[in-house]
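Reader: Hi! I'm in my first year and still learning to read structures. Could you take a close look at one part with me and explain what surrounds it?

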Amino acid sequence: MFKMTPQILRNLISGPATRAYPRQIRPPFPATRGRLVNDIAQCNFCGACAVKCPSVCIEVDRHLSRWSFAPHICVCCGVCVEICPRHCLRQEPATGPPAAQKEMVALDAKS
Ligand code: SF4
Ligand code: SF4
């Protein structure tokens with residue numbers, strides 16, 4: 001008991017070690033590889049991101065000029081961002097909002 005007393009006292013006067021999520025959200029680290037964003041106006045629909053994606057979560061339809069992405073499959077590896085020749089892909093330093101359904105994100109050249 002005597003050995004534990006200092007630790008007990010420390011625990012009593014220190015704050016909680018955890019955060020009261022979602023009221024307290026920890027700011028993401030600057031280098032966080034989070035939500036994938038495509039500046040579709042710059043995309044030329046070459047399909048390189050879809051070919052290299054290890055999770056196969058990107059689909060590119062050149063004829064429809066459509067870029068589609070399945071955020072629930074993405075593992076945020078950043079490979080697509082690195083190889084995109086138009087530099088139109090980026091990862092924001094934050095994760096996406098929670099989703100109740102597995103939905104594809106589809107971006108058209110005209111959108
Ligand atoms: S690699 Fe870049 S330019 Fe090519 S389809 Fe993907 S997002 Fe568009
Ligand atoms: S970050 Fe990785 S898993 Fe996600 S879309 Fe890009 S290549 Fe695919």
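Author: Let's start with Gln 91. In this predicted model, Gln 91 has a relative accessible area of 18%. Buried means under 20% relative accessible area. Gln 91 is therefore a buried residue at 18%. Gln 91 lies in strand S4, which covers residues 89–91.

Which residues is Gln 91 in contact with, leaving aside its neighbours within four places in sequence? Part of the list is the run Arg 33, Gly 34, Arg 35 and Leu 36. The others are Cys 76, Cys 77, Gly 78 and Val 81. You can also look at a pair that sits far along the chain: Gln 91 and Thr 32 are 59 residues apart in sequence, yet their C-alpha atoms are 8.2 Å apart in space.

Two of those contacts lead us onward. Take Cys 77 and Gly 78 first: both are in contact with Gln 91, and both are among the closest residues to ligand 2. Cys 53, Cys 74 and Cys 80 complete that closest group, within a total of 14 residues surrounding ligand 2. By class, this shell holds twelve nonpolar residues, two polar ones and no charged ones. The space that ligand 2 takes up is the second largest cavity.

Now follow Leu 36, another contact of Gln 91. Leu 36 belongs to the largest nonpolar core, a set of 15 residues, and is listed with those that have the most contacts inside it. Cys 49, Ile 58, Trp 67, Phe 69, Cys 80 and Leu 89 are in that list too. Phe 69 is a good one to click on: beyond its neighbours within four places in sequence, Phe 69 touches Leu 36, Cys 57, Ile 58 and Cys 74. Glu 103, Met 104 and Val 105 are further contacts of Phe 69.

Trp 67 and Leu 89 bring us to Asn 38, in strand S1. Asn 38 is buried, because its relative accessible area is 10%. Neighbours within four places aside, Asn 38 is in contact with Trp 67 and Leu 89, as well as with Cys 43, Cys 88 and Leu 107.

Cys 43 then points to the other ligand. Among the 14 residues around ligand 1, those that come nearest are Cys 43, Asn 44, Cys 46, Cys 49 and Cys 84. Ligand 1 takes up the space of the largest cavity. Its shell has ten nonpolar, three polar and one charged residues.

Finally, here are some spots in the loops. Ser 55 lies between helix H2 (48–52) and strand S2 (58–61). Ser 55 is buried, since its relative accessible area is 18%, and it is in contact with Ile 73 and Val 75, again leaving aside neighbours within four places. Val 56 is in the loop between H2 and S2, but Val 56 is exposed, with a relative accessible area of 63%.

Most residues other than glycine have a negative phi, and most peptide bonds are trans. Val 56 has a positive phi of about 50° without being a glycine. His 87, in the loop between helix H3 (79–83) and S4, also has a positive phi, near 55°. His 87 is exposed, with a relative accessible area of 66%. As for peptide bonds, the one from Tyr 21 to Pro 22 is cis, with omega near 5°. Pro 22 lies in the loop between helix H1 (5–13) and strand S1 (36–38).

Conventions. Residues are numbered from 1 along each chain as its sequence is written. Chains are lettered from A and ligands numbered from 1 in the order in which they are written. This is a predicted model: local features need pLDDT of at least 70, side-chain atom pairs count only at pLDDT 80 or more; totals for chains, interfaces and linings use all residues. Side-chain values use heavy atoms; hydrogens and water are left out. A nonpolar core is a set of buried Ala, Val, Leu, Ile, Met, Phe, Trp, Tyr and Cys residues joined through side-chain atoms within 4.5 Å. Buried means under 20% relative accessible area, exposed over 50%, partly exposed in between (1.4 Å probe, protein chains only). Contact means heavy atoms within 4.5 Å. A residue is near a molecule or strand if one of its heavy atoms lies within 4 Å of it. On a 1 Å grid over the protein atoms alone, a cavity is a set of points where a 1.4 Å probe fits but cannot get out, and a pocket is an open set with protein on both sides within 12 Å along at least five of seven lines; lining residues have an atom within 4 Å of a point. A molecule sits in a cavity or pocket if more than half of its atoms lie within 2 Å of its grid points. Ala, Val, Leu, Ile, Met, Phe, Trp, Tyr, Cys and Pro count as nonpolar, Asp, Glu, Lys and Arg as charged, and the others, Gly among them, as polar. Helices (H or I, at least four residues) and strands (E, at least two) are DSSP runs, numbered from the N terminus.
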